[in-house]
Amino acid sequence: MTRAVTVLGIESSCDDTAAAVVCGAPGDMTVLSSVVFGQSELHADFGGVVPEIAARAHAERLDVSIAGALEQANVSLKDIDAIAATCGPGLIGGVVAGVMTAKGLAVATGKPLYGINHLAGHALTPRLSDGISFPYLMLLVSGGHCQFLLAKGPDDFKRLGGTIDDAPGEAFDKVARLIGLGQPGGPAVEAAARDGNPARFDFPRPLANKPGCDLSFSGLKTAVLRARDGIVDAQSGLMVQDQADLAASFQAAVADSLAGKTRRALAAYLDLAPAQPTLCVAGGVAANMTIRALLETICAEADVAFNAPPLALCTDNAAMIAAAAIEQMPYREPDGMDLSARPRMPLDTKSAAMLGSGKKGAKA
Ligand code: KG4
Ligand code: ZN
């Protein structure tokens, strides 16, 4: 039985400055506090995250985030056993700010330092939220990520596939902009789609016939743009019903694409003969009810449990970084002061690198 430890986590790889305190042992952890300062309002005018603005905001807010997390957890630095920080992948200025802060704290307190892969944080979240046993299949779908990962152990991940261009959340955000809806695009498109006809536009399901689990969303976005332009040319503008139909047809195409590749990923996963087969989802897009319902149906058909951690743990946060450190500590040494911040950092180092780099930074 591994000893329970208390870890301070730091996350600053994209547009959320976060700190958290998590206590426990692998597969049995409690979030004592989790502070997240979002930056959406700082980037709202620019149509995407501006790396320089993000880095400055992280540098300004990391100290208050950490102080807040310690205070809310009712602990002081002397009660902390280790300091964990995201060391990649992400926007480099933000990652550097978090890594430097963690190094400073480690030197000042003499506590061990753990650099954590941001994607490992997401992929290990089901261990934090529900103590899910390895091996499980993880579908990570957010504004910056889209990957199927076989989680075999705390530091043993196999990437079965992922997007070769945009992340699905990015596509939702762009489509919302194209059809005149607000940001964040995901919830806006989902709300508009409720009154829409998903069969009005026959949008493509890219890579559907290609073997494997890779996905693509940029062609789909272009198809929505063409359909919109066609309507605008014909009637000099979009009616509310057109918006709803475009949103519903786009959402159906994303859901179908994810569903098709999920079936394939599940087949590869079930070959491992897991004792308690489970599909876990994480990321903002997993909040979409149409996508979620389809994934739940696929799991029920395959006799696989469906697990979706609470949204606050699915989107970027520092509790997942502290939890990943707790999971990995029994298997690895702490990092030294030579720990570097990395814009790209594949979780599965044995598979070929993914292509593409989205608005939320480099994809690993
Ligand atoms: O995981 P997340 O909060 O942040 C990062 O990507 O880091 O994901 C945000 C993304 C945004 O692109 C947002 O539009 C999308 O998730 N999203 C949704 C929904 N809620 C959030 N996409 C589809 N349907 C939703 N209900
Ligand atoms: Zn993330």
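**Exercise 1.** Which strands does H4 lie across, running at about 125° to E6?

*Solution.* The model is a predicted one.
Step 1. Find H4, the helix of residues 118-130.
Step 2. List the strands under it: H4 lies across strand E6 (136-141), E7, E8, strand E9 (278-282) and E10.
Step 3. Place these strands in their sheet. The sheet is open, with mixed pairing, and has the order E8-E7-E6-E9-E10. Strand E8 (156-162) and strand E10 (305-307) each have a single partner strand, so each of these edge strands has one side without a neighbour in the sheet. From one strand to the next, the twist averages 25°.

**Exercise 2.** Describe the pairing of E7 with E8, and name one bridge.

*Solution.*
Step 1. Strand E7 covers residues 146-153 and pairs with E8 in the antiparallel sense.
Step 2. The pairing runs over six bridges.
Step 3. For Phe148, the bridge partner in E8 is Gly161.

**Exercise 3.** Describe the sheet that contains E1, and how H4 relates to that sheet.

*Solution.*
Step 1. The strand order is E3-E2-E1-E4-E5; this sheet of five strands is open and its pairing is mixed.
Step 2. The edges are strand E3 (28-38) and strand E5 (113-117), each paired on one side only. Direction ignored, neighbouring strands are turned by 20° against each other on average.
Step 3. H4 packs on this sheet and touches strand E1 (5-11), E2, E3, strand E4 (82-88) and E5. The direction of H4 makes about 95° with that of E5.
Step 4. Within the sheet, strand E2 (residues 16-25) pairs with E3 over ten bridges, in the antiparallel sense. One residue to check is Cys23, whose bridge partner in E3 is Thr30.

**Exercise 4.** Characterise the surroundings of ligand 1.

*Solution.*
Step 1. Count the shell. There are 18 residues around ligand 1, and Gly143, Asp173, Gly186, Glu190 and Gly284 come nearest.
Step 2. Sort the shell by type: four residues are nonpolar, ten polar and four charged.
Step 3. List the polar pairs. A nitrogen atom of ligand 1 is 2.7 Å from a polar side-chain atom of Glu190. A polar backbone atom of Gly284 lies 2.9 Å from an oxygen atom of the ligand. For Asp316, an N or O atom in the side chain is 3.3 Å from an oxygen atom of ligand 1.
Step 4. Take the cover. On its own, ligand 1 has 550 Å² of accessible area, and the protein covers 89% of this.
Step 5. Assign the shell to elements. Helix H5 (168-178) and helix H6 (185-193) are the elements that give two or more residues. H6 gives the most, with four residues.

Notes:
Residues numbered from 1 in each chain as written. Chains lettered and ligands numbered in written order. Predicted model: local features only at pLDDT ≥ 70, side-chain atom pairs only at ≥ 80, totals over all residues. Heavy atoms only, no water. Pairing = 2+ DSSP bridges. Axes fitted to C-alpha atoms, helices over the stretch in contact; angles between N-to-C directions. Contact = heavy atoms within 4.5 Å. Near = heavy atom within 4 Å. Polar contact = N/O pair within 3.5 Å; in protein donor to acceptor, adjacent residues only side chain to side chain. Areas by Shrake-Rupley, 256 points an atom, 1.4 Å probe, with all protein chains shown as cover. Nonpolar A, V, L, I, M, F, W, Y, C, P; charged D, E, K, R; others polar.
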